[in-house]
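Q: Please take a close look at one part of this structure with me: the surroundings of ligand 1. I work at the bench, so plain words would suit me well.

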Amino acid sequence: MRDAQPRTIYLKDYREPDYLIDRTQLRFELAEESTVVDSVLTLRRNPNAEPGPAELTLHGTELELLALEIDGQPVAQERRRISGETLHIEGVPDAFTLSCRTQIRPQENTSLEGLYKSSGMFCTQCEAEGFRKITYYLDRPDVMSEFEVEIVAERSRYPVLLSNGNLTVAEELEDGRHRTVWHDPFPKPAYLFALVAGDLSRVSDCFTTCSGREVDLHIYVEDKDLDKCDHAMTSLKNAMRWDEKVYGREYDLDIFNIVAVDDFNMGAMENKSLNIFNTSCVLAKPETTTDLGFQRVEGVVAHEYFHNWSGNRVTCRDWFQLSLKEGFTVFRDAQFSSDMGSATVKRVEDVSLLRTAQFAEDAGPMAHPIRPDSFIEISNFYTVTIYEKGAEVVRMLHTLLGPEDFRRGSDLYFERHDGQAVTCEDFVKAMEDASGRDLGQFRLWYSQAGTPRLKVAGYYDADSETYTLTVQQQCPPTPGQAEKAPMHIPLAVALLGEAGALRLELDGTPADPETSDNTQMVLDVTESEQRFVFNNIKEEPVPSLLRGFSAPVKLDYDYSRQQLLRLMRSDSDGFCRWDASQVLGVAEIRRAMTADADSYQVSEDLVDAFRALLSDDSLDKAMVALTLQLPSEAYLAEVIEPVDVHGIYRAREAVRYALAESLRDVLMACYRANTSDEVYRPEADQIAQRSLKNTALAYLMLCDDDECQGLAKAQFDSSQNMTDRLSALTALVHNLHPYHTEALWRFYQDWQHEPLVVNQWFQVQATNRQPGTLETVKELMAHPAFDIRNPNKVRALIGAFCAQNTVNFHQSDGAAYQFLADQVKQLDRSNPQIASRLLVPLTKWRKYLPGAQTLMKDALNSIMAVPELSSDVFEVVSKSLQ
Ligand code: 0A1
Ligand code: ZN
């Protein structure tokens, strides 16, 4: 729980540490009541530190200090002082060893930070500041140390004892205990420390690196999960090979371990050579896991593995630089996933997330630049801005520099900074030095928050055969940043003529060398208003703008319907084809919002465009599926303001019903054609086929003839994989099909022994848009399978309801707002990180209609009135009420 006055920490106050730790020796005695931690730290004064008193200040919280010695001599009480989260020791030498014994209670640790217990095993989570819950330490990422870790525990309960690096000792002790010793030769900050002790089974494999070194790979899980490790193992090996090929990065130890745990606040953690994973991001098998689940496992395994270089070998100087490792690593895992599956699909999924969650964050009370200037609680800054926008910023560098110079920049960055804790500036500088490009203005992406808006207009002059694009940029104010300077925005463009994309010539500058046909160009937009004149343009083109979503901006261009339909049909850029369909979808839903219920008729040209998609066998099925899905409610809430949740929902449903009716036969044909009895593979071609089939199913369930209504039940009863089974269950439940209660019951009977499947069962019910779902959610919280201490269950039930089920969350009496406030208050006492993430939907109150605003603020105020709020929840609530 927080101190009386939560403190804001500023980037401008960064100072180097006064002391450095060369060596960290830890000994853990794990027992059922408590754990005793002995640490021996080899410290010396930092030669770069500013002169000051010989006083050492260590971080530590919720620790019981049992003993403290300097160079073997007890430290007298009057020389030491514990206050808040620190231990001060006066009169320390320039170089010394500090021995410290603390006692901690992992069994009582519900915050899932530091050392805690999950399903009977001990495990750790130290990023960002969890290590201070284990022992007194300089818990900051710029203090890097070589670790040796000894673990002692009862053999029968904890046969597996793991830490970072190489195993150097494993031996039996008396009284049924045993011990292992681990040595990690790579100096690392404390946030990368990990320990695991439990009764675990493992799946093993090995990988030969490009220089011929053998690496042992192990995935540790509970015995019952041994059959769900293959996909993670394959993904790991693919990621290791890919990082060698694409970034020249070889793995650096002889062992790489992954451990799966049930109770975990995030997806996974990149601890050096001992990655700890949320079970939801590592376990997968066809019967229990959807295609999306398989893809998530592949992406997260790769993400954590890639951190070994972008994060561990080169780490962050301070937590303001978090996006240095996260933005770069998300960019790397996105490249990897594109290479493993469909690049366009991956891009569309990433952009969808960015344009809903990140744009909303950027427009809300917690908006921050990818390198924030200040924070109260760093745990609140593991955000879509740091991760996803951070990745977009790296992607823009890749676009501006081109793949070769970008690779040179990345090589230089790793070579220059290997073993160091550095800043975003160091990354940009390496890119600048390697490419010779001036990235001065580009750096604003690191310091300015908010989503820039680009207004583009096109003008064709037939006489001079020129086409002029006028581009204006403007970035809205965000908290603490009223004025914004123009940014350096890479705007990828093409001009479409009747027979395809035109050759581009921009006042003498040739087209983007990356496209061999000279039809695409990346414009450097750097001023508030700029004109780009293309020469030798023989016909009036349709501009294809922001190709591949070349920058994280909002784009306005006043396209005609005809132009959008043409882009959707024939743009060679898959992202722009999809985006044109989204613009048409938004327009259709807007029209349905203003039409009265009986008079609305769906636009014929949209129906024709969808019919053409459904009938064309040559198209990528996954892209067809994505294009057929109307803009999500979350995206509509970004583009239609103020947000009339119920109006948007009703209009979107009206359009869906109308499309389903008009396209019934071709949807049915598509459904049948894509139903296959091939053995399940989580590979792109099959995933695409299932995605199209299940998209068709969702539409067909809106038609009330017997053939359509029979489809979901038949699919539910016969499906052999979770993707099809869950799609069928969702269709039954969300449409209140007569079979839905029985289907829910049967699903639970079949899968009650699989927590990850039960979570999907919770989620299907929580996201049901039918009235009365709030009551269902409350009832499900009393279900024996629900456990408020498990973050996955909280996310599946409460999180999914509040964040995804907008019509029910925003029910007009405000009951769901109060429900969320109550859950946040309760959770804040056990797990502040989860509490503060859960409350995010309330913080967006400014976007909604006045009645909703008042009720949402009431709920926030009721949280604010709680006397002992954590700093996590305090920061989010107080900033959102400002
Ligand atoms: N570095 C991890 C994310 C992570 C962050 C914080 C955690 O606990 C509070 C756990 C994991 C990643 O990017 O995967
Ligand atoms: Zn990460």
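A: Happy to help; here is a walk from the ligand outwards to the sheets beside it in this account.

This is a predicted model, in which local features need pLDDT of at least 70 and side-chain atom pairs count only at pLDDT 80 or more, while totals for chains, interfaces and linings use all residues. Residues are numbered from 1 along each chain as its sequence is written, and chains are lettered from A and ligands numbered from 1 in the order in which they are written.

Start with the shell. Around ligand 1 there are 14 residues, and those that come nearest are Gln 125, Glu 127, Asn 265, Met 266 and Met 269; a residue is near a molecule if its C-beta atom, placed from the backbone, lies within 6 Å of it. Two elements give two or more residues to this shell, namely E20 and helix H2 (291-306). Helices (H or I, at least four residues) and strands (E, at least two) are DSSP runs, numbered from the N terminus. By class, the shell holds four nonpolar, six polar and four charged residues. Here Ala, Val, Leu, Ile, Met, Phe, Trp, Tyr, Cys and Pro count as nonpolar, Asp, Glu, Lys and Arg as charged, and the others, Gly among them, as polar.

Glu 127 deserves a second look. The peptide bond from Glu 127 to Ala 128 is cis, with omega near -5°. Ala 128 sits in the loop between E11 and strand E12 (145-154). Another backbone feature appears at Ser 119, where phi is near 45°, a positive value in a residue other than glycine. Ser 119 lies in the loop between E10 and E11. Most residues other than glycine have a negative phi, and most peptide bonds are trans.

E11 leads us into a sheet. The order E10-E11-E16-E13 describes an open sheet of four strands with antiparallel pairing; two strands pair if DSSP finds at least two bridges between them. Its edges are strand E10 (114-118) and strand E13 (160-163), each of which pairs on one side only. Neighbouring strands here are turned by 20° against each other on average, direction ignored. Axes are lines fitted to C-alpha atoms, for helices over the stretch in contact, and angles run from 0 to 180 degrees between N-to-C directions. Strand E11 (residues 121-125) and strand E16 (residues 195-198) run antiparallel and are joined by two bridges, with Phe 122 opposite Ala 197 in E16.

Now to E20, which belongs to another sheet. Five strands, in the order E17-E18-E19-E21-E20, make up this open sheet with mixed pairing. Strand E17 (201-208) and strand E20 (268-269) each have a single partner strand, so one side of each is left without a neighbour in the sheet. The partner strand E21 (residues 274-278) pairs with E20 in the antiparallel sense over two bridges, and Ala 268 stands opposite Phe 277 in E21.

Last comes a helix on that sheet. Helix H1 (residues 230-247) lies across E17, strand E18 (214-221) and strand E19 (255-261), running at about 25° to E17. Residues are in contact if their C-beta atoms, placed from the backbone, lie within 7 Å.

To tie the ends together, E20 both gives residues to the shell around ligand 1 and stands at an edge of the sheet of five strands.

Terms used:
Two residues are in contact if their C-beta atoms, placed from the backbone, lie within 7 Å.
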